[in-house]
Every structure is written in structure tokens, then in C-alpha cells.
Amino acid sequence: MTSHRQVAVVTGAARGIGHAIATALATDGWSVALADVNGDAARTAAARLKGGGCVGLGVDVRDQTSVAQLLRDAEAALGPVDLFVNNAGVMWVGPFDEEPESATRRMLDVNLIGVVNGFRVAAPAMRARGHGHILTIASAASRLAPPGEAAYAASKHGVLGYCTAVRRELKGTGVHVSLVCPVVVRTELAAGTSGGAARTLRPEQVAKAVVDVVRRPRFVTFVPRHVALLTVVLAVLPQQARDWLSERTVPDQVRATDRVKRADYERQLVDRDDP
Ligand SMILES: NC(=O)c1ccc[n+]([C@@H]2O[C@H](COP(=O)([O-])OP(=O)(O)OC[C@H]3O[C@@H](n4cnc5c(N)ncnc54)[C@H](O)[C@@H]3O)[C@@H](O)[C@H]2O)c1
């Protein structure tokens, strides 16, 4: 048992799911460093959280040096980090052969390399202390692959593979590794997309699942939980039956997405020339 407030870092916490996770953890008594590529928005979000004990910090998860600086800043402000939440992510939606190369690279850099950087920076100190938890917001697209989200699904499948291997490497060290995999959540990232057969979620529902996993660590948690059953059934079916079931359950985002509703969000992915 620890006598101090537990300390969490949440990346991509200025808005959306990350902000909901930071809020739920703060409500649960954690000190939270809200980290985001938009440092000003992270600081504003942290200042608004009730109860104090939270800070807002800038980070670009694509850059390992920046993530290392984030950890130092968080520890200087709040103390040793018990929980590191890899949440920052981006998504471009549309036909694979229309995807701008800059959008593809940004998805792989933020969604996959960003997670790798989180592990490489956060795990050593946790292993040395024999205690810690690295929780990653992956996606239902870590197991399913909606048309129109080819590179996004590749990045999220990559995250699952990476975490599966690292979890084994960290077994017995006291450092937990876990993944929370939601279906479509109503945030800016998912603007204009379809939930398909699944009901879309509020960010707070994902945050609740995160708090549950933090209290009782387990490796993979789908939100909602029954999506796990779909992934198991799809995995064992012969290909023809798998195609039939996928077409009835996994949304085809090429057909179903309202591209006009995504225009503002996606312009930022393609136009931004920051490192
Ligand atoms: N919204 C969904 O439908 C959905 C479903 C499953 C999984 N997810 C995953 O949940 C996570 C959060 O997504 P969201 O829906 O809240 O998106 P969002 O766009 O609302 O928020 C993402 C946050 O990440 C920040 N960010 C982007 N690039 C960054 C970088 N390089 N470094 C640091 N911060 C950066 C953004 O500034 C933003 O504040 C992502 O990993 C996403 O893939 C989302």
C-alpha cells in the first residue's frame, strides 16, 4: 500500500477520451499529468479539474525525447509515475488508395511509435521500483479491420502485437500491461464515421472501463465487452463465413462515413507540418 496519492500520466488528454480518463482518475483520487501536443489546451484542461493535484504538460508522443521530458516533468511536479496511459491517437478515414502519405505516416507515428515511446520511457523506472501499469487505448480495430480504416487498423493491430510481446517481457516485474479497445466513440477523431452494428460510446464509458482495469488489471478489454465474443467467433470461422459476418457487423467506413463532417479534423492531419 502507498501512502501518497497515486500518479498517472495520460497522453492526448486535452480532449476526447484522454480528457475523460484524466477526469475519472482525478475523481478517483489520482494526481494526473494531462499531456498533449496542444500543451496550452492540456494546461487549461488540468486547471479545470476539481480537487487540484493535476498538471497540464506539452508532449509530442512521436518523439521519444519529448516523452522522456514529459516523464521528468510529471515526476518533478507530482512524484513517481504509477500509471502511464498511452492514449494519444489520430485517424484518417477513406479509400486506402486516396489516403495522403502524410496522413498514413502520422497514424503510424502517433498511434504505434507513440505507444512504443511510452513503453520505452515509462517502463524502466516502473521495473526498477517493481510496480507500475502501462495502459494503452487501442481499438476494436486492433482485431477487426473496417474498410476505410486500413492504415488506422494496421497501426492498432501493431499496438496489440507490440503489447503482447512486451507483456511477456515484463512478466514477474510488477509492471502491468493492458489494452482497452473501444468501438466508435463520439469524439472529434471519429466525426462522421459509422458505428455499424454497435452503439457508439461516450468518452466517459471508455474512462469507466479504464478505471476498472486500473483497479483490476487484465490484458485486453473490449468496450463494450461483447465485442470480444465477435473477435473470437470471427477468428475461428472459415474465410467465407468470416466475410459474411464481418459485412454484417463491422462498418464499411468507405461507404458509411460522411467525409464532409471529417474535413476540418482531417485537414489538420494532412496540413500540419510540425515535426
Ligand atoms: N473515437 C473513437 O471512435 C475511438 C475508438 C477506439 C479507439 N480510439 C482511440 O482513442 C484514443 C483517443 O482518441 P479520441 O477519440 O479521444 O481522439 P481526439 O481527437 O478527441 O483526441 C486525441 C488527442 O490526442 C492529441 N494528440 C494528437 N497527436 C498527438 C501527439 N503527436 N502527441 C500528443 N498528443 C497528440 C490531440 O491533440 C487530442 O487532444 C486514440 O488512440 C484513438 O485511436 C478512439
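The following paragraphs lead from the overall fold of the chain to the surroundings of its ligand, then to a buried asparagine and a cis peptide bond.

The model is a predicted one, and the secondary structure of its chain comes to ten helices and seven strands. The radius of gyration of the chain is 18 Å, close to the 19 Å that the globule rule gives for 275 residues, so the chain is as compact as a globular protein of that length. Taken along the principal axes, the box that the C-alpha atoms fill is roughly 55 × 40 × 30 Å. Of the 275 residues, 51% count as buried, and the accessible surface of the chain comes to about 13200 Å², with 53% of this area belonging to carbon and sulfur atoms. Among contacts in the chain with a separation of 6 or more, 67% are accounted for by residues 24 or more positions apart.

Around the ligand there are 30 residues, of which D36, N87, Y152, V185 and T187 come nearest. By class, this shell has 18 nonpolar, six polar and six charged residues. Polar side-chain atoms from several of its members approach the ligand: an N or O atom in the side chain of D36 is 2.6 Å from a ligand oxygen atom, a polar side-chain atom of Y152 likewise lies 2.6 Å from an oxygen atom of the ligand, and for K156 the corresponding distance to a ligand oxygen is 3.0 Å. Taken alone, the ligand exposes 840 Å², and the protein buries 96% of that area. The elements that give two or more residues to the shell are α1 (16–27) and α5 (150–170).

Two of the residues named at the ligand, Y152 and K156, also appear among the contacts of N111, a residue that lies in helix α4 (residues 101–129). Why does N111 count as buried? Its relative accessibility is 0%, and buried means under 20%, so N111 falls within that class. The side chain of N111 reaches the backbone nitrogen of V90 at 2.9 Å and makes a polar contact of 3.2 Å with the side chain of S155. Leaving aside neighbours within four places in sequence, N111 is in contact with A88, G89, V90, R106, Y152, S155, K156 and V159.

A last local feature concerns the backbone. Most peptide bonds are trans, but the one that joins V223 and P224 is cis, with an omega of about -5°. P224 has its place in the loop between β7 (220–223) and α7 (227–236).

Notes:
Residues numbered from 1 in each chain as written. Predicted model: local features only at pLDDT ≥ 70, side-chain atom pairs only at ≥ 80, totals over all residues. Heavy atoms only, no water. Near = heavy atom within 4 Å. Polar contact = N/O pair within 3.5 Å; in protein donor to acceptor, adjacent residues only side chain to side chain. Areas by Shrake-Rupley, 256 points an atom, 1.4 Å probe, with all protein chains shown as cover. Helix = DSSP H or I, 4+ residues; strand = E, 2+ residues; numbered from the N terminus. Nonpolar A, V, L, I, M, F, W, Y, C, P; charged D, E, K, R; others polar. Buried < 20%, exposed > 50% of the residue type's maximum accessible area, 1.4 Å probe, protein only. Contact = heavy atoms within 4.5 Å. Rg over C-alpha atoms; globule rule 2.2 N^0.38 Å.
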